[in-house]
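Here's a quick tour of the model in front of you. Have a look at the ligand first, then at one of the sheets.

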Amino acid sequence: MLDIQAIRNDFPILTQTVNGKPLVYFDNAATSQKPQVVIDAISNYYGTINANIHRGVHTLSQLATDAYEQSRQKIQTHLNAKHNYEVLFTAGTTHGINLVAHGFAAFVKAGDEVMVSAMEHHSNIVPWQMLCERTGAKLTVIPMNEKGELIIEEFEKLLTEKTKIVAVNHISNSLGTINPIEHIIKKAHEVGAAVLIDGAQAAPHLKIDVQALDCDFYTFSGHKTCGPTGSGVLYGKEEWLEKLPPYQGGGEMIKEVTFEKTTYAGLPHKFEAGTPHIEGGIVLGTAIDYLNSIGLDNIMAYENELLRYGNEKLQEIEGIRFIGTATKKTSVISFNVGEIHPYDIGAIVDKMGIAVRTGHHCTQPVMNFFNVPGTVRASFAFYNTKEEIDALVLAVLKAQRMLG
Ligand SMILES: Cc1ncc(COP(=O)(O)O)c(CNc2co[nH]c2=O)c1O
């Protein structure tokens, strides 16, 4: 049983007031808040061991390098990756997906197919469209049903020997749907397709085991897992990372440079050009430690209770329409109230200190599918409470009285 008040005491921002009211932060799918231990680790890095890494001969550089590489190993353990060099530090999920999509131009030709799903974030659609434009490959899309669940029978029909990579999210940021990625990975491998899992919404909530999943790539953002903005991870199977061409050229990613030819560094540095986000990589490890100190199973169980409670209380609102009613979901609730524009609800509840996201959530195809301009999205984390959900319901009712 989690001590939620003790957890909330770890997050200084939760004592903020907004418009004279206590902050109720329900935009965790956009970015998570940071515990004091993460905030302190950032300050501690710059106050004690800040130096450039991997090439310095002096002590500070060695200390910073050790901390950075220890964090990589921590993340390797967290993901249960076979090798630490299969864990690449990135700027976030978008960076990780672009790194793979860019490199896949080496393996995709005209007439081949690249598969995404109907519920993807734009970051897991546009890079693949760019790949298709560059190579003449075709983008195929796994459809979903009215609950916001992928239609697996259609997925299996879409898969052919032409499918070279399947890129899908583990969890939808606008619907909350948890996708059956184990099955998707298994079926994709049967036709020889690689699989990239966009784990941006899963890493904060679920224990990820990349070897058990047998995915070829798995990517997530540090800022959604209580870590620093601009940090993230791309896991890639060694066999793929060895084949994939570098994404960016520069220092760090080379073995030898001559004007005639340059040879590249081995893994992971081949994909880590330039001075990395050193503090971000180190402190991402601190954030992962913090989540593990609470326990992802405990986090998931508590957030499921918040999801149940939130659905129960919100559905008492006359005229509410939930967008995303999958059987398997995380703690994301998207909804609209009658014909009221979601933006107007978001603006009014903000006056009462409540932070939700409104709009298309970078999933415009999802909004088109449900024929809505956008939704109000409340996304809960392990530091939220049922009392905060009660405050949200009262605020939405007030907005409905004002606008309905
Ligand atoms: C499923 C998914 N994929 C990719 C991204 C991109 O992550 P980034 O590179 O860290 O920006 C996001 C961010 N989702 C959201 C960002 O703000 N509101 C959101 O729902 C996401 O939810």
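## Where the ligand sits

Which domains give residues to the shell around the ligand? Domain 1 (4–30 + 295–403) and domain 2 (39–293) both do, so the ligand lies between them. Those bounds come from an automatic or database domain assignment.

A word on ground rules: this is a predicted model, where local features need pLDDT of at least 70 and side-chain atom pairs count only at pLDDT 80 or more, while totals for chains, interfaces and linings use all residues. Residues are numbered from 1 along each chain as its sequence is written, and side-chain values use heavy atoms, with hydrogens and water left out.

## Who touches the ligand

There are 15 residues around the ligand (a heavy atom within 4 Å of it), and Thr94, Asp198, Ser221, His223 and Arg377 come nearest.

Three side chains put an N or O atom by a ligand oxygen, within the 3.5 Å allowed for a polar contact between N or O atoms: arginine 377 at 2.6 Å, glutamine 201 at 2.7 Å and asparagine 173 at 2.9 Å. Taken alone, the ligand exposes 490 Å², and the protein buries 88% of that (Shrake-Rupley areas, 1.4 Å probe).

## A seven-stranded sheet

Seven strands (DSSP E runs of at least two residues) make an open, mixed sheet, ordered β4-β10-β9-β8-β7-β5-β6. Pairing here takes at least two DSSP bridges. At the edges are β4 (87–90) and β6 (138–142), each paired on one side only.

Strand β4 runs antiparallel to β10 (residues 232–236), with four bridges joining them. In that pair, leucine 88 stands opposite leucine 234 of β10.

Notes
Polar contact = N/O pair within 3.5 Å; in protein donor to acceptor, adjacent residues only side chain to side chain.
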